[in-house]
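Student: Please take me through one helix of this model closely. I would like to see which way its residues face and what lies around it.

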Amino acid sequence: MLSRRSFLSTAAAGSALIGSRSVAPVMAATGRSSYSHAELEWKVKRHDFAGLTKHDLPTPNLVLDKDAFDKNLQTMASHCKEHGIGLRSHVKVHRSPEIGMLQIKSGAHGLCCATISECEIMMDAGAPGILWTCQPVGPNKFSRILALIKKDPTFMFAVEDPIIVDQLEAFAAAEKVTFNVVVDNDIGIGRQGVMPGTEGLELSQRVMKAKHLRLGGLMGYSGAASHAKGWKHRSEVSNDQVGRLMESVRLCRKAGIPVEIVTGGSTGSYNIDSQRKDGLTELQAGSYALMDSNYYHIGSQDGSESYNDFGIALTVLTTVISKHYPKKVSVDAGNKSMTQPTDMVKGRPDLRVERAGAEYGRILWDEADPEPKLGDQFDIVLSNLDMSVNCFDRMFVCKGDQVVDVYTVLARSGPSQH
Ligand SMILES: Cc1ncc(COP(=O)(O)O)c(C=O)c1O
């Protein structure tokens, strides 16, 4: 293994050969220390983060700002507590068992998962109250919900079609188990769910008649409300869409069906949904833990254009790897990190992000102070957490620049997503 000292002296010797854009001057200019890659990976494997800063990491890499992250968890948990609404945090944006368990520790009573593999990984990590916000279709998914309910009798999932309700009842009877389900209502997203109202009532009645299914409650995710710009407009959209879900709830209760759980909501509508007297019993918000540039622009309740309720906690750290043209440099975070023109450079509103290929991104400016240099590093605030996080298998947890931990992104694509 190359020691840190021998790596630095090798780099210094090389600099004489390759001229002014060599590695050593770039390192010297940035004033950074460094570990060889092997040393770094060995330290990470041993969870020995002493002396390790984010600038020692290979780039591109996910970096989690621990202070902002902790504050986000706290803000959401205390808001829910104060307003008497439950929190079943969605894990689809981080897919990390460590983060899921921290959400539980900070006050969430359960976790929502978008895929069956997310459910499996979060349950393996010890998370209670898992709700799969999707309907199981086909034998593979049926075998897996069976394994999950045997492991944790509180496990729940969504249903939204009478064909599946009947199949589940027959399957559960044969396996001698009872499945907990919520009836999913399409309150505006147009991708899944029964029509709220009579259809919501009828499917709930069908579940009630099935001896091996237990109706936990009703669900309705308002995707349109989550990113609606401006708090007043967002309130109108959310209240309209949650109102549709409440029509199903009202009909069910009128028909004598107890509806314990009414689940939905998001990071954008958390402080709107929590105000309704006749609304959700729990929030499914997820992005609040990490935040992204799309959410940053939806506007706050106090009228400001940025959404300041939650801080930007997750970024992709990238390095300037080429500088040849005026007013632009190339960085090493490109399409493989799912960077987009709607991303932002943290702390640098004078810089813009552009795609430049699979392994390349571009940072551009009209007037920049200071101008980015070769070897500089930037934190890119992502537009779409779900997609970018899916490209990495770990995130480095930092306090300031100091690395203090590493969290796994276990439920990402690859074997864990089968
Ligand atoms: C069903 C469901 N519930 C809740 C959420 C959480 O939304 P957010 O991450 O915007 O808080 C999502 C996000 O896509 C979702 O699909």
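Tutor: Here is a close look at helix α4, followed by a few other places for context.

First, some ground rules. This is a predicted model, so local features need a pLDDT of at least 70 and side-chain atom pairs count only at pLDDT 80 or more, while totals for chains, interfaces and linings use all residues. Residues are numbered from 1 along each chain as its sequence is written.

The pLDDT is the predictor's confidence in each residue, from 0 to 100. The chain averages 91, and 92% of the residues score at least 70. Residues 1-25 are below 50, yet this stretch has 25 contacts in the model beyond near neighbours in sequence. A contact means two C-beta atoms, placed from the backbone, within 7 Å. Where pLDDT is low, the predicted coordinates should not be read in detail.

Now the helix. Helices (H or I, at least four residues) and strands (E, at least two) are DSSP runs, numbered from the N terminus. Helix α4 covers residues 66-82, which is 17 residues. The expected span of a helix is 1.5 Å times one less than its number of residues. For α4 that gives 24 Å, and the end C-alpha atoms are 24 Å apart, so the two agree.

Next, its sides. A residue is buried if 20 or more other C-beta atoms lie within 10 Å of its own, exposed if 12 or fewer, and partly exposed in between; these C-beta atoms are placed from the backbone. In α4 the buried residues are Phe69, Asn72, Leu73, Met76 and Cys80. They lie on the same side of α4, because they cover an arc of only 95° around the axis. That arc is taken from the directions from the helix axis to the C-beta atoms. An α-helix has 3.6 residues a turn, so residues three or four places apart point the same way. The face turned away from the buried side carries exposed residues: Asp67, Gln74, Ser78, Lys81 and Glu82.

What covers the buried residues? The cover includes strands β1 (61-65), β2 (86-90) and β9 (282-283), with helices α5 (97-105) and α12 (270-273). Just after α4, Gly84 takes a positive phi of about 65°.

Compare helix α9, residues 198-209. Its 12 residues reach 16 Å from first C-alpha to last, close to the 16 Å expected. The buried residues of α9 are Gly200, Leu201, Leu203, Ser204 and Val207. They pack against β5 (156-159), α8 (162-175), β6 (179-184), β7 (213-220) and α11 (231-254).
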